[in-house]
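Biologist: Please take a close look at the salt bridges in this model, with attention to how exposed their partners are and to the backbone of the surrounding loops.

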Amino acid sequence: MRRASGDYCRLATVLAAQQQRQRNIRRRAMDHLHREREHASVTLQAIADAVVTFDTTFRIQYINPSASMLLGPGHHSVIGQNVRQLLRLGHEFARPGDTDPFTQAMQIRDNVYLPDSSYLTRSSGEKLLVEGCVSPVFDQQTRLLGAVLTLRDTAPRASTCWRHWKPASARLRQHEQELARVARINTMGEMASGIAHEINQPLSAIVSYCQASLSLLAEEDPDLPLVCRAMQSAAHQAQRAGQVIQRLREFVSKRNQHQSLLDPNQIVANALALLEFELQSHDIHLEQYFSDKLSAVYADNIQLEQVILNILRNAIDAMESVHPWGRLIISTEQDATRVRIMIADNGPGIATALQDKIFDPFFSTKPNGMGLGLAICQTAIDNMGGQILASNRPSGGAQFVIDLPALTTSTAQAVAGEQVS
């Protein structure tokens with residue numbers, strides 16, 4: 001028994017060292033990815049040129065503010081619409097049967113510049129002279145993901161003078177190519193960030209278990225049952241990584257959310273299992289109060305788990321100021337129509353002046369924070385029909401509440417209808 005205890009201590013020590021190294025590598029990689037993502041996002045939001053991205057089925061994925069203004073009033077919610085129907089492009093010398101630039105760019109898998117004298121017909125019938133480029137977007141395996149359209153209005157009153165438009169200069173063409181490149185970087189940054197978030201935990205665990213097993217096997221009298229358990233744990237984590245990769249493949253194929261019926265308590269338990277080492281290493285006392293009468297919720301399991309992980313990690317960071325007396329309280333409850341997951345800590349709480357800003361993109365109270373985590377969490381929960389609420393506890397510390405629709409009879413019927421269709 002004494003020897004087995006020593007073996008477990010050695011395994012824990014090896015795992016802890018490996019996990020620390022992996023966290024340092026992950027932190028540096030994520031800092032680099034976040035910087036690239038922030039630069040690309042700010043550029044796309046601030047530039048005067050219209051930028052529209054769409055997938056291989058011509059469904060719009062992203063439209064920046066300049067593009068919304070170019071289309072005119074009533075075009076603020078266009079995500080998912082067909083870009084060929086929404087952006088009615090033409091040019092003065094068009095001939096019947098000409099391939100539209102959106103289709104052509106994906107067929108030839110290369111940039112397609114709009115012809116001279118191109119115009120955009122707005123819903124009011126007004127014609128705006130434009131110049132632009134459609135550029136295909138590929139993944140690392142050169143598979144086509146979609147394309148990016150960049151547009152520039154070249155004549156404010158093109159409805160009366162568009163026939164007098166002159167070809168754009170080479171400098172503007174080069175600028176359009178640069179915008180398309182930035183859009184590609186943004187797309188790849190999103191994918192890389194998603195991969196880093198999703199598979200880092202299982203991959204880190206696999207490396208730790210394998211290296212610990214090698215260390216044990218190098219001993220004169222290796223504990224083979226302990227090695228076997230470590231390898232079984234590594235295999236389990238490999239299966240989890242495989243599931244995550246499958247989910248990322250679904251993301252690439254534009255099934256961004258794979259919603260299904262979920263047990264909220266199980267999702268919280270999954271997130272806590274991933275953070276077990278961090279909670280122990282930070283001396284955080286964990287209190288769990290799970291209701292045993294929760295309804296299922298209809299949500300995306302990976303995204304919901306990532307939301308909970310993000311809030312838990314924020315709580316761990318906040319409780320550094322009260323180390324080693326950190327106290328994390330997690331509970332679940334339900335009323336007639338809503339299921340709530342509540343995460344509270346005994347850290348310093350949220351400053352009153354900042355409570356209305358914490359979900360704003362690029363706002364962060366951390367010295368090196370990017371201000372994207374809670375904004376992404378809020379968007380994900382909104383897409384599941386829920387909301388995130390943040391407040392301060394009367395006894396001190398912050399509390400976040402994830403509020404989701406409970407699976408009522410009408411919701412169950414709607415889910416069944418979607419699955420049948």
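Modeller: The salt bridges are described one by one below, followed by the loops and the cysteines.

The structure is a predicted model, in which local features need pLDDT of at least 70 and side-chain atom pairs count only at pLDDT 80 or more, while totals for chains, interfaces and linings use all residues. Residues are numbered from 1 along each chain as its sequence is written, and side-chain values use heavy atoms, with hydrogens and water left out.

Nine salt bridges are found in a search of the whole structure (a side-chain nitrogen of Lys or Arg within 4 Å of a carboxyl oxygen of Asp or Glu). One of them joins Arg152 to Asp49, with the closest N and O atoms 2.8 Å apart. This pair links distant parts of the chain, 103 residues apart: Arg152 belongs to strand S7 (residues 144-155), and Asp49 to the loop between helix H1 (2-46) and strand S1 (50-55). Helices (H or I, at least four residues) and strands (E, at least two) are DSSP runs numbered from the N terminus. The partners differ in exposure: Asp49 is buried at a relative accessible area of 6%, whereas Arg152 is partly exposed at 25%. Buried here means under 20% relative accessible area, exposed over 50%, and partly exposed in between, with a 1.4 Å probe and protein chains only.

A second salt bridge connects Asp139 with Arg143, where the closest N and O atoms are 2.7 Å apart. Here too the acidic partner is the buried one, Asp139 having 8% relative accessibility, while Arg143 is partly exposed with a relative accessible area of 47%. Thr142 lies in the loop between strand S6 (127-138) and S7. The phi of Thr142 is near 60°, a positive value in a residue other than glycine, and Thr142 counts as exposed at 52% relative accessibility.

In the salt bridge between Glu333 and Arg340, the closest N and O atoms are 3.4 Å apart. In this pair the basic partner is buried, Arg340 being at 17% relative accessibility, and Glu333 counts as partly exposed at 35%. Both residues belong to a network of salt bridges that also takes in Asp335, Arg338 and Asp403.

The backbone has further points to inspect. Most residues other than glycine have a negative phi, and most peptide bonds are trans. The peptide bond from His323 to Pro324 is cis, with omega near 5°; Pro324 is in the loop between helix H10 (301-318) and strand S11 (327-334). Phe58, in the loop between S1 and strand S2 (60-63), has a phi near 70°, again positive in a residue other than glycine. Unlike the exposed Thr142, Phe58 is buried, with 11% relative accessibility.

Another loop, between strand S14 (398-405) and helix H12 (409-420), contains Ala406. This alanine is buried, with a relative accessible area of 2%. The C-alpha atoms of Ala406 and Gly386 are 9.9 Å apart, with their positions 20 residues apart along the chain.

Finally, the structure holds zero disulfides (pairs of cysteine sulfur atoms within 2.5 Å). Among the cysteines, Cys133 is buried, with a relative accessible area of 0%, and Cys210 is partly exposed, with 29%.
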